[in-house]
Amino acid sequence: MKARYVKGAAIGLAAVICLLASTLSIAGGAALSQSRDKKAVQKLHNEAKKAIRSGHYEKARKIYQEVLDEGDKDLQALLGISLAWLKDQSFQNCYDRANEALVIDPENARAHALVGMALLRSGYVYNAIQSLYRAFKSDPKEPMAYGAAAEIDYYEGRARDARVKALQAYSLDPNEPDYLMTIARSASRLEMFAEAADAYEQFLVIAPKTDSERRDRIRGLIDFYRQLSGIEVHELGGPRFAEARFNLGSDRRPYLKIRLNGREAIFVIDTGSGFTVISKEAAKRFGVSEIARGGKSQGVGGDGKFDIVYGLIKSLQIGEVRVRSVPCFIRPFHGTRERPNEERADGFIGLSVLAHFITEIDYKDSIMRLDRPPEQPPAAGVQSATARSTTIQPEKTVVPFRTTQNGLISIETEIDDTHRINAILDSGASSTVISQAAVERLKMHDKIIKGQTVRVIGAAGISDNVELLFIKNCRVADLQHKNMRALVLDFAAINETSGFEQSGILGGDFLRNFRVTIDFSRAQVSFRPY
C-alpha cells in the first residue's frame, strides 16, 4: 500500500510539473503572440502615417481600418483615419471619426482639435472655437489646435496673431505642411514677402507631391514674392479722404474711371476679388508687364480655372488718391466687347487696394468714398467675429465679417428665414448666387425655377444653361431683400482655396439697395438702406 501511495504521489507530481510546463508554454506563447501583434499594429500605424505624409489618404484610411477591424477600438487609428478624411476635405467623416475617438478618451486634445478643424472648414466657426478651447484645456501644446486658431485669426483679420500661432504650431509639429501655408498667407498679408516665399518653399519640401497643380501655383507665388521683396507695394499718396464718381452699369456693377500709369482706364469696383486684376489686352496697352506666373486660379464660369499671371502696376489713381506699385493679376476678360463702351472694363479694383481705406460704395449717389484710417488703429478695434455682434442702429446695420484664405469678405447670410450660409460680399457680381452644394445640402431643389436658365460670364469663362433659384427672402442681420432670383453655380473651385466653406455670393442685385461701408481695420461692414 505504501509503495502504491509513493508511486501515485510520484505520478501526481509528474503530472503537475507537466501541466505547469504546458501552462507556462501557453502563457509564454500568448505573450510572444501579443508582442508580435503589437509590433504588427505599430507597423500598420507607421505605414498609415507614411501614406498620409505622401498624400495617399485613401490608402491611409484602409490601413487604419484594418487596425480597427481587429476588434479593439484603437484610439490612434481613429485619430489617424479622422486626419486622413480632413486631408481629403471630407469634413463630416473627419468629424464623425474624431467623435468616436472622444468616446474612448473624452479629454483627448487631438480629437477635440480634429473636431474643431472639421467644424471650421465647414464654416461653423463659433462651434469650432468651443472645440479648440477643449483641446487647449486638455493639452496646451496641441499643434493642431494652434493651427486651427491661427486660421481663425487669419479669417478675422488678425494677420499678426495668425502668424504667431502658426509659427507655434509649426514648432510643435514641423512635419505638418498646413501650418506653413498659414505662415505664408499671414506674412504675405503683412507684406512680408520674403518670409512668405521662404514658408512656401519649405511647404514644397514637406508637402505631398501628389497635387501638382497646387505645387505649380505655389512655385508661381514664390517667384512673385521674390520679385516683390524689397518693394514698398501699395504706397499711398494724396489726401486722406477722397471721392470718385462711378457709373452703375446695366449689369448692376460699379464702373469707375481711374488713371492707370498716367492714362484713363475703366475699372470695376470689385469687393469679390482679393487682388487687383487687369485684362490681358489692357496690360499691353498700359505697359503692365508680366513679372511671374505659375499654376491656375479659381473662379466662376467655364471650367472654374484660369492661368495665373502676375504683374505690377506702377501707379493707380482714384480721384485724388494715388497708389503706387500695385501687384495685380493679368488674365483674359470674357464678353467685354459685347458691353457698351462705358461698361468695357480694363480691370477690377480688388480688396488688396480697397483694404487700405475705409471704403464706402454709395449706390444711390454713384460715389465711392475712400477714407484712410490711422496708421495703427486701436488694438481693441479688432475683436473676434464670434465675440463681436451685429449692431443695429436707426440709420444703419453694422455686421462683422471674416475673410477667406484668398482674402474675400464672407458674411453670414440667411436664406428663406431658415438656412444660414456664408456668402461672399461681391460688388463685382451682377447677381446673388447660391452654390450647387448648398442647394443639395439644404434640400432646396423645389425652389429651382423651371424652364429658366441664363448665360453667366465669370473670371474663368462662360457657362451656359445656368439654373435659377427663387429666394423668397435674403437676409443679412435685420436687412432683407425679397423675391430674388439667384444663380446656381458650382463653388468647388472657389472653396478649394477659401479655407472655410462658402455657399453664396451677395451681388449687385442685393447690394444696390444700400450704402455699403467696409472697415477692414475692424473687420466690419455697415449697410445703410435707402
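This passage describes the overall make-up, nonpolar cores, cavities and selected loop residues of a predicted model.

The chain contains 16 helices and 23 strands, and 52% of its 530 residues count as buried. When contacts with a separation of 6 or more are considered, 63% of those in the chain are accounted for by residues that lie 24 or more positions apart.

The largest nonpolar core comprises 64 residues, and those with the most contacts inside it are Ile318 and Phe527. Its largest share, five residues, is supplied by β8, while at least three residues are drawn from each of domain 2 (235-371) and domain 3 (397-529). Once residues up to four places away in sequence are set aside, Ile318 is in contact with Ala242, Ala244, Leu256, Ile258, Ile349, Val353, Met368 and Leu370. Another core, of 46 residues, lies apart from this one and includes Ala48, Ile52, Tyr154 and Ala169.

A search of the whole structure for cavities of 30 Å³ or more returns four, and the largest of them has a volume of about 60 Å³. The lining of the largest cavity is formed by Leu83, Leu86, Lys87, Met117, Arg121, Met144, Glu176, Asp178 and Tyr179. Two or more residues of this lining are given by each of the elements α3 (75-87), α5 (109-121) and α9 (177-189), with α3 giving the most, namely three residues. In terms of residue class, the lining of the largest cavity consists of five nonpolar and four charged residues, with no polar residues.

Several loop positions were examined individually, beginning with Lys396, which is placed in the loop between β12 (391-392) and β13 (397-400). Lys396 has a relative accessible area of 23% and is therefore classed as partly exposed, a class that runs between the limits of 20% and 50%. Although Lys396 and Phe527 are separated by 131 residues in sequence, their C-alpha atoms are 5.5 Å apart in space. Phe527, one of the residues with the most contacts inside the largest nonpolar core, is also among the residues touched by Lys396, together with Thr391, Ser526 and Arg528, when residues up to four places away in sequence are not counted.

A further loop, between β8 (321-331) and β9 (347-349), holds Pro332, which is partly exposed with a relative accessible area of 43%. The C-alpha atom of Pro332 is separated by 9.5 Å from that of Ala282, a residue 50 positions away along the chain.

Backbone geometry was considered at two alanine residues. Most residues other than glycine have a negative phi. Ala477, however, has a phi near 55°, a positive value in a residue that is not glycine, and Ala523 likewise has a positive phi, of about 50°. Both alanines are located in loops, Ala477 between β19 (461-476) and β20 (479-489), and Ala523 between β22 (514-519) and β23 (524-529). With regard to accessibility, Ala477 counts as partly exposed because its relative accessibility is 34%, whereas Ala523 is buried, having a relative accessible area of 3%.

Notes: Residues are numbered from 1 along each chain as its sequence is written. This is a predicted model: local features need pLDDT of at least 70, side-chain atom pairs count only at pLDDT 80 or more; totals for chains, interfaces and linings use all residues. Side-chain values use heavy atoms; hydrogens and water are left out. Helices (H or I, at least four residues) and strands (E, at least two) are DSSP runs, numbered from the N terminus. Buried means under 20% relative accessible area, exposed over 50%, partly exposed in between (1.4 Å probe, protein chains only). A nonpolar core is a set of buried Ala, Val, Leu, Ile, Met, Phe, Trp, Tyr and Cys residues joined through side-chain atoms within 4.5 Å. Domain bounds come from an automatic or database domain assignment. Contact means heavy atoms within 4.5 Å. On a 1 Å grid over the protein atoms alone, a cavity is a set of points where a 1.4 Å probe fits but cannot get out, and a pocket is an open set with protein on both sides within 12 Å along at least five of seven lines; lining residues have an atom within 4 Å of a point. Grid points are joined across faces, edges and corners, and a volume is the space filled by probe spheres set on the points. Ala, Val, Leu, Ile, Met, Phe, Trp, Tyr, Cys and Pro count as nonpolar, Asp, Glu, Lys and Arg as charged, and the others, Gly among them, as polar.
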